[in-house]
Amino acid sequence: MSAGVLRVGSALALTVATSRQDAGARTDTGGNVYVVIMGCGRVGASLAAALERLGHEVAVIDRDRDAFRRLGSDFHGRQVVGMGFDRQVLIEAGIERAGAFAAVSSGDNSNIISARVARENFGVEHVVARIYDHKRAAVYERLGIPTVATVPWTTDRFLRTLLPDGVATSWREPSGSMALLQLPLHEDWIGRSVRDLQGATGARVAFIMRFGTGVLPESKTVLQADDVVYVAARSGTVSDVTSVASRPPQEES
């Protein structure tokens with residue numbers, strides 16, 4: 001399964017789980033959710049198959065009828081030809097009873113427009129949109145549309161495979177703008193405080209693994225030998241953060 005499928009699948013799995021827990025969500029008596037997916041590329045088809053295996057009912061929209069071949073003969077959901085942001089197409093797909101909507105086509109604009117139509121016109125509370133340009137993510141988040149920026153996450157997956165001893169993020173929030181990473185430290189940071197590390201790097205220490213146990217540090221917490229430090233940083237600053245941490249701390253003049 002591709003990195004894009006895993007990333008979007010994780011986001012939609014959380015969306016579906018939230019729908020189940022939401023007392024007002026559109027679910028059947030068995031707790032299953034009716035999900036509409038816009039886009040039947042590799043991600044959309046894999047997502048549809050995975051949701052069906054979990055017992056959910058799925059409808060897939062794509063403007064290319066041939067795209068539905070990716071679904072295979074085992075797919076029992078609805079297949080609708082058309083544009084995913086067209087009201088009539090969405091109605092035909094059953095959007096009025098949907099508990100969740102995923103826009104995973106190859107176009108950022110189409111994805112965000114269709115997600116907004118599903119949310120604002122049809123009252124689908126749980127939506128997620130895939131985007132390629134992670135710089136747009138903050139704008140979409142302000143519109144109330146959770147997004148999945150697949151490019152930064154996929155890049156991290158490759159880094160972890162190609163450079164197992166290098167630095168790669170352990171997690172990114174859906175917009176791709178914040179990263180959580182394990183931060184290798186120069187040995188001279190031992191004995192210094194979390195406050196010192198944060199001040200030097202501009203990152204925030206999220207937690208420390210110490211003797212196999214997670215520790216939520218305070219600013220006065222002192223770094224010890226064999227600590228494994230995880231920090232949260234803005235995606236564009238990861239290289240600078242790791243560079244500072246890999247050098248001895250600078251003494252104040």
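**Exercise 1. The main core**

Which residues have the most contacts inside the largest nonpolar core, and how many residues does that core have? Work it out on this predicted model, then trace which elements feed the core.

*Solution.*
- Step 1: start with the size. The largest nonpolar core has 26 residues. Inside it, the most contacts belong to Val-36, Ile-61, Leu-90, Ile-95, Phe-101 and Val-124.
- Step 2: map the core onto the secondary structure. At least two residues each come from β1 (34-38), β2, α3 (87-92), β4 (100-103), α4, β5 (126-131) and α5 (137-142). Helix α4 gives the most, with four residues.
- Step 3: look for a second cluster. Another core, of 20 residues, lies apart from this one, and Ile-37, Ala-48, Phe-68 and Ala-100 are among its members.
- Step 4: set this against the general trend. In soluble globular proteins, nonpolar side chains tend to be buried together.

**Exercise 2. Around Phe-101**

Take Phe-101 and leave out its neighbours within four places in sequence: which residues is it in contact with?

*Solution.*
- Step 1: pick out the partners that you already know from the core. Val-36, Leu-90, Ile-95 and Val-124 are among the contacts of Phe-101, and they are also listed with Phe-101 as having the most contacts inside the largest core.
- Step 2: add the rest. Phe-101 also touches Met-38, Ser-114, Ala-115, Ala-118, His-126, Val-127 and Val-128.
- Step 3: step back to the whole chain. Of contacts with a separation of 6 or more, 57% are between residues 24 or more positions apart.

**Exercise 3. A histidine in a loop**

Is His-56 buried or exposed, and what does its side chain reach?

*Solution.*
- Step 1: find the residue. His-56 sits in the loop between α2 (42-53) and β2 (57-62).
- Step 2: check the accessibility. His-56 has 6% relative accessibility, so it counts as buried, the cut-off being under 20%.
- Step 3: follow the side chain. It gets to the backbone nitrogen of Val-33 at 3.1 Å.

**Exercise 4. Salt bridges, one by one**

How many salt bridges does the count come to? Go through three of them and sort the partners by exposure.

*Solution.*
- Step 1: the count is six salt bridges.
- Step 2: try Glu-57 and Arg-97, whose side chains meet at 2.9 Å, N to O. Glu-57 is in strand β2 and Arg-97 in the loop between α3 and β4, so this pair ties together parts 40 residues apart in sequence. Glu-57 is partly exposed at 41%, and Arg-97 is partly exposed at 39%.
- Step 3: go on to Asp-196 and Arg-192, which pair up at 3.3 Å, N to O. Asp-196 comes out partly exposed at 31%, as Arg-192 does at 22%.
- Step 4: finish with Lys-220 and Glu-218, where the closest N and O atoms are 3.8 Å apart. Lys-220 is exposed because its relative accessible area is 58%, over the 50% cut-off. Glu-218, at 47%, is partly exposed.

**Exercise 5. The outside**

Which residues make a nonpolar surface patch of about 230 Å²?

*Solution.*
- Step 1: the patch is built from Met-83, Phe-85 and Ile-113.
- Step 2: place one of them. Ile-113 belongs to helix α4 (residues 108-121), and α4 is also the element that gives the most to the largest core. With 41% relative accessibility, Ile-113 counts as partly exposed.
- Step 3: put the patch in context. The protein chain exposes about 13,400 Å², with carbon and sulfur atoms supplying 50% of it. Among its 253 residues, 43% count as buried.

Note on methods. Residues numbered from 1 in each chain as written. Predicted model: local features only at pLDDT ≥ 70, side-chain atom pairs only at ≥ 80, totals over all residues. Heavy atoms only, no water. Buried < 20%, exposed > 50% of the residue type's maximum accessible area, 1.4 Å probe, protein only. Contact = heavy atoms within 4.5 Å. Areas by Shrake-Rupley, 256 points an atom, 1.4 Å probe, with all protein chains shown as cover. Patch = residues over 30% accessible without salt bridge, like charges linked within 9 Å, V, L, I, M, F, W, Y side chains within 5 Å. Salt bridge = Lys/Arg side-chain N within 4 Å of Asp/Glu carboxyl O. Polar contact = N/O pair within 3.5 Å; in protein donor to acceptor, adjacent residues only side chain to side chain. Core = buried A, V, L, I, M, F, W, Y, C linked by side-chain atoms within 4.5 Å.
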